[in-house]
Amino acid sequence: MAHIHKVNGQDYVIEIFEDHYLQGWKLEKELLSKKSKFQQVDVVKTKSLGNMLLNDNLVMTSDRDEFAYHEMMAHVPLFTHPDPKNVLIIGGGDGGTAREVLRHKSVASCVMVEIDEVVVEACKEFIPTTSNELDNSRLELLIDDGVKYVAETNRKFDVVLVDSTDPIGPGAPLFGEEFYKNVKRLLNPKGVVVSQAESGWYLKENQQSLLSVLKNQFKNIGLYNYSNITYPGGLWSFSWASDELHPIHDFNERRVAESGLDFKYYNSKLHTAAFCLPQFYYNSIGEYINI
Ligand code: AG3
């Protein structure tokens, strides 16, 4: 069951984050509530944000603002890499990241490894906004453990996207050293890994530990921000890690215009601007990043 809280006789679906912060949205209808092998999975219809997916009562995505996360996760690396052909997504069961990746014509194959089939099925049924490309023939969807996949596969990738939950439950190992050693092994020399990197307001320790893990494996390390309305604090981040490519110096904004793609959040100005961080970020993570 999702956490539902009554205020003034009205039902709100709520997220309680790290035991100190509560946010909520007016509930119209509970659409699905299922306990999977890995987590509690809920889909609800809200008054202001459309359908919303929650894993273990934490908001993962909503119809209204999913584009911000998915465009920024996919297009920053895919427009920096000169010719991204093979992409790996770890997690991302709602399908939003895959949808954006597949808009790039250069991408011949996208492998997505999601541990929880219940999430995929829930989104296919109730969140078509994000899941509508999950049957694309260039997508290979594996229901499997991403940690195990990166340890065992011999395939090579140009871009790896780690579209995870918070570092609790099934998402926890996706923030660790072992995982990134393997990601490094399966990246081509011009490869990039971009990961969901939490909130600089609320979770700076998580950012510090993720970036220090990345710094042990890769040469170019950065963090970029974007804003959405569903995650605690509103300002959220992605990490960048690569050996050869630099997300600003190797970014050719002509490629964005020539792609003919239109966006709701991403654009070529924001691509570089997103790496400029508020000073409190530099104070907290400055020692780990060099972009
Ligand atoms: N991944 C979840 C990001 C973290 C959200 N945290 C929270 N609500 N406490 C999103 C998956 C989108 N494809």
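**Entry 1: a helix on a sheet**

I began with helix α3 (residues 117–126), which lies across β3, β4 (40–46) and β5 and runs at about 15° to β4. I note here that the model is predicted.

I then looked up the sheet to which these strands belong, and found 6 strands forming an open sheet in the order β1-β2-β3-β4-β5-β6, with antiparallel pairing. At the edges stand β1 (4–7) and β6 (58–62), each with a single partner strand, so one side of each is left without a neighbour in the sheet. From one strand to the next I noted a twist that averages 50°. As a reminder to myself, strands of a sheet pair through backbone hydrogen bonds, either parallel or antiparallel.

For one pairing in detail I took strand β2 (residues 10–17) and strand β3 (residues 21–35), which run antiparallel and are joined by 6 bridges. Within β2 and β3 I looked up Ile14, and it stands opposite Gly24 in β3.

**Entry 2: Asn55**

I next turned to Asn55, whose place is in strand β5 (residues 50–55). Is Asn55 buried or exposed? Its relative accessible area is 6%, and because buried means under 20%, I entered Asn55 as buried. Leaving aside neighbours within four places in sequence, I listed the contacts of Asn55 as Gln39, Gln40, Val41, Met60, Val119 and Thr165.

**Entry 3: the nonpolar cores**

Which residues of the largest nonpolar core touch the most other members? Of its 37 residues, I found these to be Val87 and Val101. The elements that give two or more residues to this core are α1 (66–80), β7 (86–91), α2 (96–101), β8 (109–114), β10 (157–163), β11 (187–196), β12 (220–227) and β13 (235–242). The largest share, 9 residues, comes from α1.

I followed Val101 further and, not counting residues up to four places away in sequence, recorded that Val101 touches Ala74, Leu78, Val87, Ile89, Val107, Cys110 and Leu161. Apart from this core lies another, of 31 residues, and among them I noted Phe157, Val162, Leu174 and Phe175. In soluble globular proteins, nonpolar side chains tend to be buried together.

**Entry 4: the largest pocket**

Last, I looked up the largest pocket, which holds about 180 Å³ of space. I listed its lining as Phe79, Pro82, Asp83, Pro84, Arg103, His104, Lys105, Ser106, Arg255, Glu258, Ser259 and Leu261. Which helix gives the largest share of this lining? I found that helix α8 (residues 253–259) does, with 3 residues.

Key. Residues numbered from 1 in each chain as written. Predicted model: local features only at pLDDT ≥ 70, side-chain atom pairs only at ≥ 80, totals over all residues. Heavy atoms only, no water. Core = buried A, V, L, I, M, F, W, Y, C linked by side-chain atoms within 4.5 Å. Buried < 20%, exposed > 50% of the residue type's maximum accessible area, 1.4 Å probe, protein only. Helix = DSSP H or I, 4+ residues; strand = E, 2+ residues; numbered from the N terminus. Contact = heavy atoms within 4.5 Å. Pairing = 2+ DSSP bridges. Axes fitted to C-alpha atoms, helices over the stretch in contact; angles between N-to-C directions. 1 Å grid on protein atoms, 1.4 Å probe; cavity = no way out; pocket = protein on both sides within 12 Å on 5 of 7 lines; lining within 4 Å. Points joined across faces, edges and corners; volume = space filled by probe spheres on them.
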